[in-house]
Amino acid sequence: MDRKILIGMTCMTAAALAMAGCGGKKTSGGTKENPVTLKMNVTTSEASVWQVAARGFKKEVEEKTGGRYKIQIYSNEQLSSGDQTKGIEMLYNGATDCDLHSTIIHTNVVPRLSVINMPWILPEGYKSADEYFFKKDAPGFAFVKKEIEAKGPHVLAMGEAGFRQITNNVKPITKTSDLSGMKIRIPAIAILVDVFRTFNADPTQMPYSECFTALQQGAIDGQENPYDTIRAAKIEEVQKYMTVWDYVYDPLVLSVSDRTWKRLSEEDRKIFTEAAQHACAEEIKASRSLDSQIVKEFKDKGLTINELTPEMRKEMKAAMKPVYDKYKDKFGVDAFKTFGYTF
């Protein structure tokens with residue numbers, strides 16, 4: 001994470017505070033002797049780089065509030081019994097206080113966020129991700145914040161899980177036809193069903209907590225996820241091939257429920273927001289530094305890895321035109337324009 005991006009993220013703190021709602025009774029929290037304990041839901045395991053954001057946020061909030069708040073982190077969707085969709089619904093209905101989820105899971109409540117998951121909509125990798133989400137006045141951040149807050153939760157900051165890659169036990173994937181007939185686990189998001197059906201694959205929706213066993217038993221052929229998410233669940237132990245294709249970017253949202261936000265004093269809102277900005281900046285830095293390290297670890301464990309050439313990616317993206325056309329009206333042309341895509 002370079003200095004410009006961190007400055008941009010810090011600048012967004014002021015905007016976030018200015019946009020804050022004013023409803024509900026605001027308090028200064030508990031006391032050091034009798035703190036307010038907040039529940040924080042996190043999708044991935046304690047081994048995941050996501051925890052850099054969760055732990056950093058927890059540490060700074062507890063320190064800056066003098067111990068008036070304590071944040072209890074629940075990893076692996078413990079609060080929702082492994083169900084990511086239920087986990088995100090708990091944020092929107094106020095059953096959890098703080099939350100770290102991928103925008104992919106938020107789409108179950110906020111469908112327009114799925115535009116972020118259009119395959120290859122970010123053409124220049126992390127350079128595009130920085131432009132749309134992390135630099136000053138980033139249009140993607142503003143889009144995510146507006147869409148989520150219209151449904152209740154307050155967006156404090158954004159991190160990233162990185163670009164999603166695909167693994168399988170059948171063969172290396174180098175062209176669209178290689179996916180034909182493969183049974184691929186995907187998260188519960190309609191757009192990815194359409195993507196893999198366009199490739200003539202068999203998309204299978206299931207909780208990620210069940211993915212390892214399903215792969216191990218041969219119930220499915222493969223799955224798609226960012227490097228660190230794959231590593232944290234040890235998926236490489238039950239897969240033979242991984243294709244680096246960077247087809248979907250996976251940003252994270254660190255947020256608090258509307259119920260919790262309305263109870264915070266203005267001073268505590270500032271503390272929470274700045275803590276989230278700092279923690280997410282560190283998480284992004286850590287995530288990107290891990291990419292090459294994780295690829296090496298996978299190779300050392302026997303995973304065969306191939307990377308699509310620019311020509312191969314161009315062929316894959318061209319095959320996605322029907323998917324783009326299908327969602328043009330559903331998400332709105334304005335949503336696509338946010339990320340520089342025009343029809």
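Reader: What follows helix α2, and is its phi positive or negative?
Author: In this predicted model, α2 is followed by G66, and the phi of G66 is positive, near 65 degrees.

Reader: How far apart are the end C-alpha atoms of α2, and what span should its residues give?
Author: Helix α2 covers residues 50-64, and at 1.5 Å a residue its 15 residues should span 21 Å. The end C-alpha atoms are 22 Å apart, which agrees with that expectation.

Reader: Which residues of α2 are buried?
Author: The buried residues of α2 are W50, Q51, A53, A54, F57, E60, V61 and E62.

Reader: Turning to the nonpolar cores, which residues have the most contacts inside the largest one?
Author: The largest nonpolar core has 55 residues, and V115, F133, F196 and W245 have the most contacts inside it. A second, separate core has 44 residues, including W50, L215, I235 and W261.

Reader: Where does Q223 sit, and is it buried or exposed?
Author: Q223 is in strand β7, which runs over residues 222-226. Its relative accessibility is 0%, so Q223 counts as buried.

Reader: What does the side chain of Q223 join through a polar contact?
Author: The side chains of Q223 and N225 are joined by a polar contact of 2.9 Å.

Reader: Which residues does Q223 touch further along the sequence?
Author: Leaving out residues up to four places away in sequence, Q223 touches Q165, I166, T167, I184, R185, Y208, C211, L215, I230, I235 and Q239.

Reader: On to empty space: how many cavities of 30 Å³ or more are there?
Author: The count comes to 2 cavities of 30 Å³ or more. The largest cavity holds about 50 Å³ of space.

Reader: Which residues line the largest cavity?
Author: Its lining consists of Y126, A161, G162, F163, P226, Y227, D228, S287, L290, D291 and I294. The elements that give two or more residues to this lining are β4 (154-168), α9 (227-232) and α11 (266-300). Helix α11 gives the most, with 4 residues.

Reader: And how much space lies in the largest pocket?
Author: About 340 Å³ of space lies in the largest pocket. It is lined by 25 residues, of which T43, T44, Q84, Y208 and T229 are the closest to its centre. At least two residues of the lining come from each of α4 (103-106), α8 (211-216), β7 and α9.

Reader: Why is helix α5 described as largely enclosed?
Author: Helix α5 covers residues 125-134, and 7 of its 10 residues are buried, so it is largely enclosed by the rest of the structure. Those buried residues are G125, S128, A129, D130, Y132, F133 and F134.

Reader: What about E131 in that helix?
Author: E131 lies in α5, and at 44% relative accessibility E131 counts as partly exposed. Not counting residues up to four places away in sequence, E131 touches A138 and P139. E131 and F141 are 10 residues apart in sequence and 9.8 Å apart in space, C-alpha to C-alpha.

Reader: Which residue in the loop between α5 and α6 may be worth noting for its phi?
Author: D137 is found in that loop, before α6 (139-149), and its phi is near 60 degrees, a positive value in a residue other than glycine. Most residues other than glycine have a negative phi. At 64% relative accessibility, D137 counts as exposed.

Reader: Where does K234 lie, and what is its phi?
Author: K234 lies in the loop between α9 and β8 (241-256), and its phi is positive, near 60 degrees. With 45% relative accessibility, K234 counts as partly exposed.

Key
Residues numbered from 1 in each chain as written. Predicted model: local features only at pLDDT ≥ 70, side-chain atom pairs only at ≥ 80, totals over all residues. Heavy atoms only, no water. Expected span 1.5 Å × (residues − 1). Buried < 20%, exposed > 50% of the residue type's maximum accessible area, 1.4 Å probe, protein only. Core = buried A, V, L, I, M, F, W, Y, C linked by side-chain atoms within 4.5 Å. Polar contact = N/O pair within 3.5 Å; in protein donor to acceptor, adjacent residues only side chain to side chain. Contact = heavy atoms within 4.5 Å. 1 Å grid on protein atoms, 1.4 Å probe; cavity = no way out; pocket = protein on both sides within 12 Å on 5 of 7 lines; lining within 4 Å. Points joined across faces, edges and corners; volume = space filled by probe spheres on them.
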